[in-house]
Amino acid sequence: MHNMPINRLSHKPRRPFNGVKRHPMAQTQQPGDDMTDSITPRSKLPNVGTTIFTVIGQLAAEHRAINLSQGAPNFPCAPELIEHTHQAMRDGHNQYSPMAGLYALREAVAGKVATLYGHHYDPEHEVTITASASEGLFASITALVHPGDEVIVFEPCFDSYAPMIELQGAKVVSFKLAPPTFAIPWDEVAARITPRTRMILLNSPHNPSGAVLGDEDIAALKRLTAGTDIVLLSDEVYEHVVFDGALHHSMSRYPELAERAVVVASFGKTFHITGWRVGYCLAPAALMEEIRKVHQFAMFAADTPMQYGLARIMQTPSHYLGLADFYQQKRDLLVDCLAGSRLTLLPSAGSFFMLASYEKISDQSDSDFVQTLIREHQVATIPVSAFYSDGTDHRLIRLSFAKDDATLRAGAESLCRL
Ligand code: GLN
C-alpha cells in the first residue's frame, strides 16, 4: 500500500486570497463557484498543516491501533482531585477566577518552587495560572518577542514553537540536535547570538528525545546570556519526570538565569489531566507584567473549579514527588518488553518519551514507517521528523510510555513481532 507523506495528510488552504479585499456587497459567486470556497484568507502560517498529534490520533483511531503516540495518560487522575474539583463546582465556584489565577493556587505553586528549587516567586506579581502550558508559552512569546527579533530554538522540538514565533513576525534561529545525545552545540550558539537575539527557548526534560539539561548546559547559558537582555523561555512541563535520581535543572534554581527566565509548567502533565488545560508561568515581575497583558486578553483566566481542585491537591506533595518513580517504572517496563524486538532504543533520562531506531527493520522514511505500523501492525507512534522544521529524518520513532501497563505490554508485543 502506498503511504502518503504525513505532511500531505493535513489540510492545506485550497486557494490563496492574496490580501485582495472584496467589497462586502460585491457579488462573489461565479457560475460553477462553490459558495463555501468564496473567501480563502491569506494564511499567516502557509507552511503549517494540522499538528502531527491530531493526524496520528485520527489514523490510530481509524485502525484501532494501540496508541503509544500522544504524551497523554490513558489512566485516571487521583480520585480526590475529581472530588475537590466537583466540590468547588457544588460550592458555586463557577465564575471567573482572578485574572492571574486563584491566589491559593499561586501560593501553592510558589511554595513548591521555593522548596524544590530555592527561588522565591511572589505569588502576587510573579506567578500566573494559565489555560494550559501552551497558553503560557504563547502569551510569553507574544508579549516579549517583536517583529524582526530572533529567537533561538533547538530542533527537534515541540511543533508549536516555531509557528508561535513566526506569528510575531520574528525569526526562528534553529539549531539541529542529533541522536543519540541531542546535546546542544553551545559554541555554535554563541557564534549566532546577535543584538537581535531576544529569546532562547529551552525544553528539559526534552520532548521528543527524553534528554535533560546538565551542569555544562547551565554553565553555558550563564556565560552566553550574562550582560545581555536575552530572555530564557523554559518549557518545563516534565519537571517532575526526571529519571535515575538526576536533578531537574529548572531555570529557577540559578539566580543569574531566573532573573531573565520565564518558566512554563503544566498541571496536566503532573496530575494526569492533560484535558483540563491548566498550567502556570513564573517570571520576574517586569516580565510577568507584560505576559499578563497578553494573558488577560487571550484567556482572561483559567478554569475556576479546576484551580480550586488543584490548590487542594497541591497540599499533598507526594503526588508530584512520586511522579519520577511512577514514570520510571513505565519506561523500564517498556524497555523490558521491547528487549526481544529489532528496534534499537535510545536512552530516556526524563519526560514521557523514548526514541527508537527501526534501521534493522525497514528502510522506509519515518512517516511511512509510522503509517505502516498503524495500518498493518495496529500500533501508533510519532515520526521524529515531525519535530524538525525541515523534516530531517533520522529513521526514529517516538514512543510514549504515559500509558497503563496493559497498553505498554500490548504495544510492545506488536512491535516485537516486526
Ligand atoms: N505534548 C504531548 C505530546 O508531545 C501532546 C501534545 C498535543 O497533542 N498537543 O505528545
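A polar backbone atom of G71 lies 2.6 Å from an oxygen atom of the ligand. The model is predicted. Side chains make polar contacts with the ligand as well: Q70 brings an N or O atom to 2.5 Å from a ligand oxygen, and N207 places a polar side-chain atom 2.8 Å from a ligand oxygen. The protein covers 78% of the 300 Å² of accessible area that the ligand has on its own.

The polar contacts are set out here.

| Residue | Part of the residue | Distance to a ligand oxygen |
|---|---|---|
| Q70 | N or O atom of the side chain | 2.5 Å |
| G71 | polar backbone atom | 2.6 Å |
| N207 | polar side-chain atom | 2.8 Å |

**The shell**

Which residues surround the ligand? They are F53, Q70, G71, F158, N207, Y238, K269, F353 and R398. By class, this shell holds 4 nonpolar, 3 polar and 2 charged residues. The nonpolar ones are F53, F158, Y238 and F353. Q70, G71 and N207 count as polar. K269 and R398 carry the charged label. The ligand takes up the space of the second largest pocket.

**The two domains**

The protein chain divides into two parts. Domain 1 is built from two segments, 52-71 and 322-416. Domain 2 runs over 79-316. Their C-alpha centres lie 26 Å apart. Across the boundary, 29 residues of domain 1 are in contact with 28 residues of domain 2.

Why does the ligand lie between the domains? Domain 1 and domain 2 both give residues to the shell, so the ligand lies between them. F53, Q70, G71, F353 and R398 belong to domain 1. F158, N207, Y238 and K269 belong to domain 2.

Key
Residues are numbered from 1 along each chain as its sequence is written. This is a predicted model: local features need pLDDT of at least 70, side-chain atom pairs count only at pLDDT 80 or more; totals for chains, interfaces and linings use all residues. Side-chain values use heavy atoms; hydrogens and water are left out. A residue is near a molecule or strand if one of its heavy atoms lies within 4 Å of it. A polar contact is a pair of N or O atoms within 3.5 Å; within protein, one must be able to donate a hydrogen and the other to accept it, and residues adjacent in sequence count only if both atoms are side-chain atoms. Accessible areas come from the Shrake-Rupley method with a 1.4 Å probe; for residues, only the protein chains shown count as cover. On a 1 Å grid over the protein atoms alone, a cavity is a set of points where a 1.4 Å probe fits but cannot get out, and a pocket is an open set with protein on both sides within 12 Å along at least five of seven lines; lining residues have an atom within 4 Å of a point. A molecule sits in a cavity or pocket if more than half of its atoms lie within 2 Å of its grid points. Domain bounds come from an automatic or database domain assignment. Contact means heavy atoms within 4.5 Å.
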